[in-house]
There are 4 protein chains.
Amino acid sequence: MVEKIKETAILLMYCADRRGLVVHVTEFIDNNNGNVVSLDEHVDREANIFFMRIEWELDGFLIPKEKIGEYFDIQIAAKFSMTWNVYFSGDRPRMALFVSKMSHCLYDILSRYHSGEWEVDIPLIVSNHPTLEPVAKQFGIPFYHFPIGKDNKAEQEQAEQELLRKHKIDFVVLARYMQIISEDFIMAYPNKIINIHHSFLPAFPGAKPYHSAYERGVKIIGATSHYVTADLDAGPIIDQDVTRITHSDPVEKLVMKGRDVEKLVLSRAILMHLQRRTLVYNNRTIVFG
Amino acid sequence: MVEKIKETAILLMYCADRRGLVVHVTEFIDNNNGNVVSLDEHVDREANIFFMRIEWELDGFLIPKEKIGEYFDIQIAAKFSMTWNVYFSGDRPRMALFVSKMSHCLYDILSRYHSGEWEVDIPLIVSNHPTLEPVAKQFGIPFYHFPIGKDNKAEQEQAEQELLRKHKIDFVVLARYMQIISEDFIMAYPNKIINIHHSFLPAFPGAKPYHSAYERGVKIIGATSHYVTADLDAGPIIDQDVTRITHSDPVEKLVMKGRDVEKLVLSRAILMHLQRRTLVYNNRTIVFG
Amino acid sequence: MVEKIKETAILLMYCADRRGLVVHVTEFIDNNNGNVVSLDEHVDREANIFFMRIEWELDGFLIPKEKIGEYFDIQIAAKFSMTWNVYFSGDRPRMALFVSKMSHCLYDILSRYHSGEWEVDIPLIVSNHPTLEPVAKQFGIPFYHFPIGKDNKAEQEQAEQELLRKHKIDFVVLARYMQIISEDFIMAYPNKIINIHHSFLPAFPGAKPYHSAYERGVKIIGATSHYVTADLDAGPIIDQDVTRITHSDPVEKLVMKGRDVEKLVLSRAILMHLQRRTLVYNNRTIVFG
Amino acid sequence: MVEKIKETAILLMYCADRRGLVVHVTEFIDNNNGNVVSLDEHVDREANIFFMRIEWELDGFLIPKEKIGEYFDIQIAAKFSMTWNVYFSGDRPRMALFVSKMSHCLYDILSRYHSGEWEVDIPLIVSNHPTLEPVAKQFGIPFYHFPIGKDNKAEQEQAEQELLRKHKIDFVVLARYMQIISEDFIMAYPNKIINIHHSFLPAFPGAKPYHSAYERGVKIIGATSHYVTADLDAGPIIDQDVTRITHSDPVEKLVMKGRDVEKLVLSRAILMHLQRRTLVYNNRTIVFG
């Protein structure tokens, strides 16, 4: 629907704050004939860290695409001890979906995928249950069933990781995947596994948050998308949203209302990740608008 | 601004659920020529409890106002082992305000009071600090300063309770009163002390919730009004609301954005209480719209 | 996921307000051994009209299901000149979907349908474009293409209505159907055609509301679901919702953000309609919570 | 509460977009030893206009404060045909309040003023009614009553403008001032008169929007703050917000719920203006976060 814009390069970076950082980075792009299309910077004054996202058109840029990282590293990043990454809008990330039995997030993601709303490839869906295989089939996406029990978790995760590597997966989305992922797996995809938790974290972490919300008598429920870390439900938050409930809503109604919040929050988080708008520092996520 | 409506009676009740409760209550009012202006019922199916709020015009009602409770008790409530209360819209409740140093909730309450938005009397303001005495003076309300230290808490609370009794206070509002109230005091005003906590409970109870919210990197902050119980920040919730924040908001900005949420949530909770729309059961608040 | 509850009867009614209406209706149900599971009433004081929705369990009810309407009409409705309807939770309404080229609402509806979230049948999808036939196929629902031009509108609508009659369609949902329906068609389905308009009505009726919103520089956009009347985009509103935008969002971003609001608002409206919670009077929709 | 930060300079500018604008502006500041604390830029791709807000610490800046405008104009702005303004965080703007009979916005503003939440001076309150003089007195602010009838509007506005000039008023806030201001007056304060309209514009412009909202049966109401232009209720929007209503809310309830939205939206708009975060172009307001 949207006209294809020209290919762009996106630089995400952070380093200790000091005077003139914006000048150095923008000069690097300008001197090489890059036309900046968006620039966002943020300074965490408590930690004294400078964060920046800058996007410019590749068309006419003097440095060849595959050399941009090298030049930026040598001329700018090294000087300021920057942590950085460069991405190109033309590179479609490859996303793996992990699901269990509930379909609402899966459908929301696949319908966006199918209608071309996102620049992404979804080569495969992984599940610990066979329940959603028919949905995968509807959309023609290979479905891999890895049942996980007490005794086979390590080897099953091994096989899953093997599959992800084989398919050159860039990041993983847990679309209501109801199985804890082990630390080893998480370490292999740092800030590259996005989860949706069905509560307004840090309220109600762990299992059955809607039941806890009902018990506590809250008047608002929510959902939280975050990068997965070894610390359960405590990873850096990407997005959250809420919806109002009343005393007359039983738990089933919370579950139903919550589904709509979950699917939108997860899909918004995926979009931010796809557009390279997120940067994690100190367990907090900078999300550049 | 709103035309004065005729005086009404309001019955709040609950009991074990059974067939026909609505019929019995509405017949009681109808048979005595009462014109019902609003009726709300709720059944907690898990606990099997029936809750009801019914309001009718006193004009033309056969039972004299001061006898309504007695008649209802004997003819209806006793039969169904109801817990109930009757109120009259013409009786202005008497509210005591407890404050510390922050003025935003106090101003919000007093400006509504002064403009006649609420049917309430505010005979006095109590504080553990002298800071807000000038605000009390602006609105011509007596201000009582009870400094509380390690050694005098019990006697100061004794004096406060004495003052409340003397002024026939019906309920207490803690408008950012930064001092924990002892169990003894709370027991004297069951479900009659309304607090505003500056977080989206149960997230971030206790002190400095905005600092904790910043640390955790949440994308939404909130405020919670609740009846005070002996269990700190764990009483039955009356209302909550939230506002969106971003990674670029420092703690001071959270505090500033939070103030607007706090004052509205507290004032909405007070209105619900004033209009006899709240019923507490099992640490949850039924709020009849 | 939700335990199947017992079959219920639902009565929707309205009439001139007078004392005792609730008593008469609840007595009718109680005297016939009906167990009321929910009761909502509303009095429009300006128009002096009483509205009510009451739901009770059929199990043990003395009047046989197929006679309830007759008994209620003779014993209650006639006496008070009520307009009324009775529904049964066990009767699955039959819904027709009308779409054009955009898939987001269609996917949202079909994914709820497919996962069993709603009690509804969808026997067919109608479109003025072939674009979404593959989506219909994904879900195994017959797709009918009725191209509409200047010269064939009347006869195409005739054929559409024929199709709806043949399939015993109860109500129609326009899921971003971009073709004005003629008055004749609308009259055949009074308050039974639900539309989603992609603006916060009455702002920006008609075509290209996101472009108008951009031009006007609003800070919030929205969507509106309403029953279709002969007056374009002016029918009784069922639900609305909004989302925040900023000066930096181009029209394409408004369209994208708007899609998520549209699909949720439309699906919520459908649910309210399915649960028989809506009553239209004087171009306004009562939506019983 | 917030620690005083060092004095800063704020530059707001716009011009035709071209490559390198950010570099030139940031170099100007960096070369003169300025430490940038925040930078926001926006490109309107349709109109091809570049907008920027940049803020830096004056401490250590080589160019003396009173010469910054001159240097920037000669070295940068002239080259790119920029429209620009420079402000200093230490200069407290002087705001005049215009009110009529309703106090909620006035109280909200004065309580923020009184508690030191805003960096602003309020030398006077103007009204076409004497109603709110007591509120002005509570806060010790001079109150000027200018009754306006059919025959004296021009001369009264003349006197008001005289008063504003005498008190060196920088901008005017219409805090529910229910009198149309003439074009002549508006022209004297371009983008310097902020109004709050009690509807979600462009829905329900003009008088009695809550009545119109009730009639139309909307499910959400709102408020809109905007700069005043000669075109009634059509000026550039600064902020908007909404609140949910139901079929059971009579007009008086809409008015009551609306007041809370109005006061917050107006106060947020004032803050954005005070912090020099707004830029008007082509009847749209850029609001830099």
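**Entry 1: the A/B contact**

I started with who touches whom: the contact takes 34 residues from chain B and 34 residues from chain A. Note to self that this is a predicted model. I then asked which three residues of chain B give the biggest part of the area it buries against chain A. They turn out to be Arg216(B), His247(B) and Arg284(B), which together supply 25% of that area, more than any other three residues. For the pair of chains, I get a buried area of about 2900 Å², and carbon and sulfur atoms give 52% of that.

**Entry 2: charges and polar pairs**

Next I went through the salt bridges, and the rule finds four of them across the interface of chain B and chain A. I looked up one: Asp239(A) with Arg244(B), where the closest N and O atoms are 3.2 Å apart. Polar contacts came next, and I have 19 residue pairs down for chain B and chain A, counting only pairs with both residues at pLDDT 80 or more.

Which elements of chain B supply at least two residues each to the side touching chain A? I listed strand S2 (35-44), helix H7 (209-216), strand S11 (237-244) and strand S13 (284-287). S11(B) has the largest share, with seven residues.

**Entry 3: how the copies are related**

I laid chain B on chain A: a turn of 180 degrees and a shift of 0.0 Å along the axis do it, with an RMSD of 0.0 Å. I wrote that down as the relation of a two-fold axis. Looking for the residue of chain B that comes closest to the rotation axis, I found Ala203(B), its C-alpha at 2.3 Å. I also checked which surface each copy uses: 100% of the interface residues of chain B are interface residues in chain A too, so the copies meet through the same surface.

**Entry 4: strand S3 of chain A**

Then I moved to S3(A), residues 49-57. Is this strand mostly covered or mostly open? Mostly covered: nine of its nine residues are buried. I sorted the side chains by direction. Ile49(A), Phe51(A), Arg53(A), Glu55(A) and Glu57(A) point one way, and Phe50(A), Met52(A), Ile54(A) and Trp56(A) the other. That fits the textbook: side chains in a regular strand alternate between the two faces of the sheet.

I looked up the neighbours as well. S1(A), residues 8-16, runs antiparallel to S3(A) with nine bridges, and S2(A), residues 35-44, is also antiparallel to S3(A) over nine bridges. I used Met52(A) as a marker: Met13(A) stands opposite it, and Glu41(A) has it as bridge partner. Last, the turn: S2(A) and S3(A) make a hairpin with four residues between them, where Asn48(A) has a positive phi of about 55 degrees.

Definitions and conventions. Residues are numbered from 1 along each chain as its sequence is written. Chains are lettered from A and ligands numbered from 1 in the order in which they are written. This is a predicted model: local features need pLDDT of at least 70, side-chain atom pairs count only at pLDDT 80 or more; totals for chains, interfaces and linings use all residues. Side-chain values use heavy atoms; hydrogens and water are left out. Buried means under 20% relative accessible area, exposed over 50%, partly exposed in between (1.4 Å probe, protein chains only). Two strands pair if DSSP finds at least two bridges between them. Copies are superposed by least squares on the C-alpha atoms of residues with pLDDT of at least 70 in both. Contact means heavy atoms within 4.5 Å. Buried area is the accessible area (1.4 Å probe) that two parts lose on being put together, summed over both. A salt bridge is a side-chain nitrogen of Lys or Arg within 4 Å of a carboxyl oxygen of Asp or Glu. A polar contact is a pair of N or O atoms within 3.5 Å; within protein, one must be able to donate a hydrogen and the other to accept it, and residues adjacent in sequence count only if both atoms are side-chain atoms.
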